[in-house]
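Colleague: Could you take me on a close tour of the ligand site in this model? I would enjoy a connected account of what surrounds the ligand and how the neighbouring parts are arranged.

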Amino acid sequence: MSKLPLPLNPPVRTLMGPGPSAIHPRVLAALSAPTVGHLDPYYLQLMNEMQDMLRQVFRTENPMTMAVSATGSAGMESAVVNLIEPGDRMVVCVNGVFGARMADVAGRAGAEVTRIDRPWGQVFTPDDLKDTLAKVKPKVVGIVMAETSTGAWQPVPEIAKLVHDAGAMLIVDAVTALGGVPIEVDAWNIDVIYSGSQKCLSCPPGLAPISFNPRAMETILARKTKVQSWYLDVTMLAQYWGSERVYHHTAPINMTYGLHEALRLVLEEGLESSFARHALQHRALKAGLAAIGIRYAAQEGHQLPQLNAVFVPEGVNDAAVRNGLLNRFGIEIGGGLGDFKGKAWRIGLMGYGARSANVLLFLSALEQLLAEQGYKFDHGASIAAANAVYAG
Ligand SMILES: *Cc1c(COP(=O)(O)O)cnc(C)c1O
């Protein structure tokens, strides 16, 4: 018989990558509360409370607001497979990994996909979409609000207006956006929006908050074909999340406890305070990095506070720095993906991780590792610059 593995003893990391983000101790405690059944009156009450809190963070009145029992990508898949019937036209805006993923998901769902591409790190303006929308006349347009592969912050309101003027519906990927930057689902008239539990909501991965507006629900109820995915069919899920409570699949009870507590934390702090905290930490980090000559990858004026993608400086070994951060300082940051592979670092300041202790710890560890690589900079300058931001 093989030897019994050792009991769990995960290292305590400072998670400053593109997700999962740092988890608040109250969320970890909530996860270990006793499991109840998925039709237990206590659980049903939690579901109602969670829907209500999700509506507050999404800023929507949409009745069909819930959490898909899977990660952010399943939120993406849900948005697409419910709106798209085979042969429907969908336009997807691609300026990084996650836009490309949405185009892939749409193609697999049977959509006739048209991609609009922008260089990595850049955002879309209405002008970039206008001609394609007029020519293609899509049923659905998809766009990523916070492109985690580049750190680009996509403005949504004007594009939402253009999409609706063209008679299409809008899907917004808010996986990294939700909780970190302002989102107004109703005011911006977003038809379907989805997120993930493990980015700025600071809950472990495993749930995907999602919201369908009444127009999207009418379109789905009027489909000629069944939703291609049984698991993600929102018309069936609506009967469990709605008053009927019809069994669909066994809800991930303890993950719901975790997200419930994570949402309570966000609302306890207040959305506006949370956005302001993310913005402050971003300014401090950015000032620190600028002081040692490190440049951002995303377009100026459109840089996400919660995801700081920066170029690896010339002559510095990407892997050596990231390994040093992890192995010597317990800090995880992300490497570059796709076009940015080997060229960028992605530093997350998400949710509970967006705090001064993390920014200052990261900058001092980074300085140490850069010095060992022979990179020339003014030692201590990053910490002084970050502290100057905190001092106002
Ligand atoms: C993380 C992320 C996803 C995918 O979420 P998973 O939880 O990894 O499935 C999708 N879109 C964006 C913008 C993301 O950052």
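**The ligand site**

Modeller: Gladly, and let me begin with a contact: a polar side-chain atom of Ser73 lies 2.6 Å from an oxygen atom of the ligand, which puts the pair inside the polar-contact limit (N or O atoms within 3.5 Å; within protein, one must be able to donate a hydrogen and the other to accept it, and residues adjacent in sequence count only if both atoms are side-chain atoms). Please keep in mind that this is a predicted model, where local features need pLDDT of at least 70, side-chain atom pairs count only at pLDDT 80 or more, and totals for chains, interfaces and linings use all residues. Residues are numbered from 1 along each chain as its sequence is written, and side-chain values use heavy atoms, with hydrogens and water left out.

Gly72 also meets an oxygen atom of the ligand, through a backbone N or O atom at 2.9 Å. For a ligand nitrogen atom, look at Asp173, which has a polar side-chain atom 2.7 Å away. Taken alone, the ligand exposes 380 Å², and the protein buries 90% of that (accessible areas from the Shrake-Rupley method with a 1.4 Å probe; for residues, only the protein chains shown count as cover).

Two elements give two or more residues to the shell around the ligand: helix H3 (72-83) and helix H4 (97-108). Helices here are DSSP runs of H or I with at least four residues, strands are runs of E with at least two, and both are numbered from the N terminus. In total, 13 residues surround the ligand, and the closest are Thr71, Ser73, Thr148, Gln198 and Lys199; a residue is near if one of its heavy atoms lies within 4 Å. By type, the shell divides into four nonpolar, six polar and three charged residues. In that count Ala, Val, Leu, Ile, Met, Phe, Trp, Tyr, Cys and Pro are nonpolar, Asp, Glu, Lys and Arg are charged, and the others, Gly among them, are polar.

How do H3 and H4 sit against each other? Their axes come within 10 Å and cross at roughly 45 degrees, where axes are lines fitted to C-alpha atoms, for helices over the stretch in contact, and angles run from 0 to 180 degrees between N-to-C directions. That makes H3 oblique to H4, since under 35 degrees counts as roughly parallel, over 145 as roughly antiparallel, 65 to 115 as roughly perpendicular and the rest as oblique. The crossing of H3 and H4 is right-handed, meaning that the near helix is turned clockwise from the far one by less than a right angle, with anticlockwise being left-handed.

Beyond the shell list, one backbone detail: Asn189 has a positive phi of about 65 degrees although it is not a glycine. Asn189 lies in the loop between strand E8 (169-173) and strand E9 (192-194).
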